[in-house]
Each structure stands twice: as structure tokens, then as C-alpha cells.
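Me: I'm just starting out with protein structures. Could you pick one part of this one and walk me through the packing there in detail?

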Amino acid sequence: MNTIGYLLLLVFSEGGEKSGSPLDVNPGVILWTVVTFVLLLLILKKIAWKPILNSLSERENFIKDSLEKADKAQKDAEKLLAENKVNLSKAEEDAQKIIEQGRELAEKLKTQILEESKVQARKMILDATSEIERKNSEAFNTLKGQVADIAVNAVEKILRETLDKDKQVKLVNKYLDDLKN
Amino acid sequence: MWIYNPNTVSDTVKTVVEATKKQDTSWIMHHVLDSRELDFTPFGIVHLPELHLFGIDISITKHVVFMWLALVILVVTFLYVARTYRKSLVPRGVTNLTEVLIVFVRDEIVKPTIGKGYERFLPYLLTVFFFILTCNFLGLIPYGSTATSNIAVTATLAVISFIVIQAGGMMKNGVFGYLKGLVPHGIPIWLLPIMIPVELLGLFTKPFALAVRLFANMTAGHIVILSLLGLIFILHTYFVAPVSVSFTLFIFFLEILVALIQAYIFTMLSSLFIGMAVHQEH
């Protein structure tokens, strides 16, 4: 019994004379808490929560919109990129084709030019040959005339030289002798 | 063999009681309890005015002063914060800190617990959260005092929560609809005599638990810190000082955590109860 009594004494004994219990309720503090809290609630509701929450939702909407916009822009860009890729490959194909055509054309042109030049060359050779021949015959003819002239001149000269008076007399005489015989 | 001897036990208890009487522990209570003065020892003591209204003692006490300090701090801070939002939507500095807390309360506490129509209760719950948080932290600064370690303060806050819970429920479901919805559907009629008192009691135990939880948490930490420091003076040796100081430091960090957690829990539970009152079908 003693033990229990002392234990109760220990539990309920207070350290100091004046200090109250933490469980004491002061009505004044209740009143001031109500006043303070309600005042705080009203002030903060007006100056803080309304503008801040509005700004927050405004910003959230802004971010959401921006994200959506960015998403859309990205999709557009991807589409554009794909289109560009297709265009690029088409252009490359075209370019390849054009180059191919150009090469073909060049080849054709080359053979044609070569052919033409060959033909021309042959013609030129033919021309040159006939010209040479013509010149040859011309030169031959000229030479022939000249040779005849020279021969006639030489004959004339010879004749003139051989047919002087004595010789002619002698020749006539001979002829006459022959005739007498 | 140790034999139970009632005399030994009673002697021990007697000694402890004697020691308790001899050793004045009122200094701990002096720090924890409310008082009529602001103790700035060694710079002096400010005595607060005594006021009476209709025979009720409404003197300004230490805790009232610190509640006002919390009010001033919050109003000044949020005036500044609200102004920074007007300048730019990008938060910076203090605004970052408050925004984290505001968004946390809104998205992690109020939205999930109340659900549809949570906007109506958001200002109240935000105010409760920041008020309790500031009061808790004011108790951790030198010469500070925790208003939330006063049962009158926490009980008042809990009663305000109670009113908000009931008003929220009644505004959504109508007075009679709300009272009818308190008892779950599909209960046999013979159970009603038991269920009605239980549910009614449940209405009042919720705010009671809110009040006691906050009060006890905020008081306990301070008493533990003061007791640990008191060990140095009780044991009359310097050798215990490192232990005391390191433990005190640990408890102090714990107190910072507790200050946050209790503000969170009070708001969270208030929000939960509002949600239960508003959406009774769940």
C-alpha cells in the first residue's frame, strides 16, 4: 500500500510551486487564437492565396499549352523532315538520271563527231589525191609541151645547121646522081 | 537471487519523490508553459499587459505574442511572394520555397483527400498549414516559444477544423442529408442504437485527436531537449556535457522534422475529414 501511495505521490507531485500544468487551458489564449487565426485566414485569403493560386494555375496552363505546342511543332517538323527526305531522294534520282542522260548524249555526240570527222578526213584525203593527180597530169602535160617545143627547137636548130649551102649542094648533087643512075 | 521486497521498492520511490521535491524542475516547465512575460535573459524580461473583458482574463501571453509574430511573418512573406508573381510567373528565391509548400499542400494533401470541389477548402487548409508550420519553427529559434505546444491553441485550431468539416459536409449534403449520411448505409436497424452514438462520438474524437497530437508532439520535443541539457546540472559534471549536447542536437534535428510533419499531419487529417464529410458515399 505504501508503495502505491508513494507512486501516486510521484505521479502527481509537482516540481515547482508556481508552475502550472501543460494541460491548463487559458480562455484568453483561446480567444486570441481565434482572433489571430481568423484574421490570418482573411488576410492571407485576400493577399496571398487568391493571386498565388491564380498565378500557379495560369502558369500550369501556360506550361501545358507550351508543351502541346512544342509537341505539335515537333510533329510538324518530323513530317517536314520526312517530306524533305523524300524530296531529296527524288532529286537525287533525278540528278542521277540527268547525269546518265548527259553521259549518253555525250557518248552519242562523241561517236557522231568521230564519225563525221572520219568521213571528212576521208573526203579530204580523196580531194587531196585527186588534186595531186590533176596537178600531176597538168604538170606532165606542161612538161610534154615543153619537151616538144624543146625538141622542135632542137630539130630546127639542127636542121638549120645541117642545111647550109655546101651541104645542100652536095645533097642535091647526090640526089641528082641517084636519079641519073 | 533478487527477492521482491516491498520495503525496498517503497524506499526507492520515496527517495525519488524526495529528490524530485528537492530538485527544482520548474525551469523546464517555465520554458514550455505559457507565461505573462517574454524572457530575454540576460537582456531583460518584457512584462506583457494584463487585460480583462467581461470578467474573462484575456491577457496577452507569450504564446499569443508568438502567434502574432507568426501572423506578421506570414503576412509580410506572402505579400512579397504575391508581388513577385505579379512581376513574373517564374518563381525565384523565397517564392520558390513557398511555392513548393503551396503546391505540396494543394497537390499532395488537398486534391487527393477532398477531390472534386477542393478549391473551396484550399485557403483554410493552406492557412492552417503555414500557421502551424511557422508557430512550430518559432519555437525552435532562440528566445522563441512554441504557441502550438499550448493545448488551448491546438484545441482552438482543432475546433475551427471541426467547424469547417461540419460546415463543409452540411453545405454539400444539406444539414439532414449530412447527419443521415453519418451512419453507413445498409446497417440493420437494431444496430442503430449502437452506431449513432459511436458515429457521433467519432465526430468529436477526430478534432480531439488533432488537438492532442499537435500539442503533445510540440511539447514533448522541448521537454526532451531541456531534460537532456538538465542532465548536466543534475549530475554536476562536465563529462556528461558532450553526450547531452550531441543528443540535444539530434533531438533538435528531430524537432525540425517534427515541426514539418505535425503541420503536414494536422493539415492532412483536417483535409481527410473534410473529404469524408463532403463525399459521404465513400
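Reply: Let's look at the nonpolar core and then at a helix pair that packs together. Keep in mind that this is a predicted model.

The largest nonpolar core has 70 residues. Those touching the most other members are Trp49(A), Ile52(A), Phe78(B), Ile102(B), Phe130(B) and Phe131(B). From chain A, α2 (27-162) gives two or more residues to this core, and from chain B so do α3, α4 (94-114), α5 (122-138), α6, α8 (192-235) and α9. The top contributor is α5(B), with twelve residues.

Now zoom in on Phe130(B). Not counting residues up to four places away in sequence, Phe130(B) touches Trp49(A) from the other chain, plus Leu74(B), Phe78(B), Thr98(B), Leu101(B) and Ile102(B). Apart from the big core lies another one, of five residues, among them Ile28(B), Val32(B), Leu33(B) and Leu226(B).

Next, two of the helices that feed the largest core, α6(B) and α9(B). The axes of α6 (residues 151-173) and α9 (residues 241-278) of chain B come within 8 Å and cross at roughly 25°. Angles under 35 degrees count as roughly parallel, so α6(B) is roughly parallel to α9(B). The crossing is right-handed. On the α6(B) side, the residues that meet α9(B) include Leu157(B), Ala158(B), Val164(B) and Ile165(B). Across from them, α9(B) brings in residues including Phe266(B), Phe273(B) and Ile274(B). By class, this contact has nine nonpolar, five polar and one charged residues.

How values were computed: Residues numbered from 1 in each chain as written. Chains lettered and ligands numbered in written order. Predicted model: local features only at pLDDT ≥ 70, side-chain atom pairs only at ≥ 80, totals over all residues. Heavy atoms only, no water. Axes fitted to C-alpha atoms, helices over the stretch in contact; angles between N-to-C directions. Helix = DSSP H or I, 4+ residues; strand = E, 2+ residues; numbered from the N terminus. Parallel < 35°, antiparallel > 145°, perpendicular 65-115°, else oblique. Left-handed = near helix turned anticlockwise from the far one by under 90°. Contact = heavy atoms within 4.5 Å. Nonpolar A, V, L, I, M, F, W, Y, C, P; charged D, E, K, R; others polar. Core = buried A, V, L, I, M, F, W, Y, C linked by side-chain atoms within 4.5 Å. Buried < 20%, exposed > 50% of the residue type's maximum accessible area, 1.4 Å probe, protein only.
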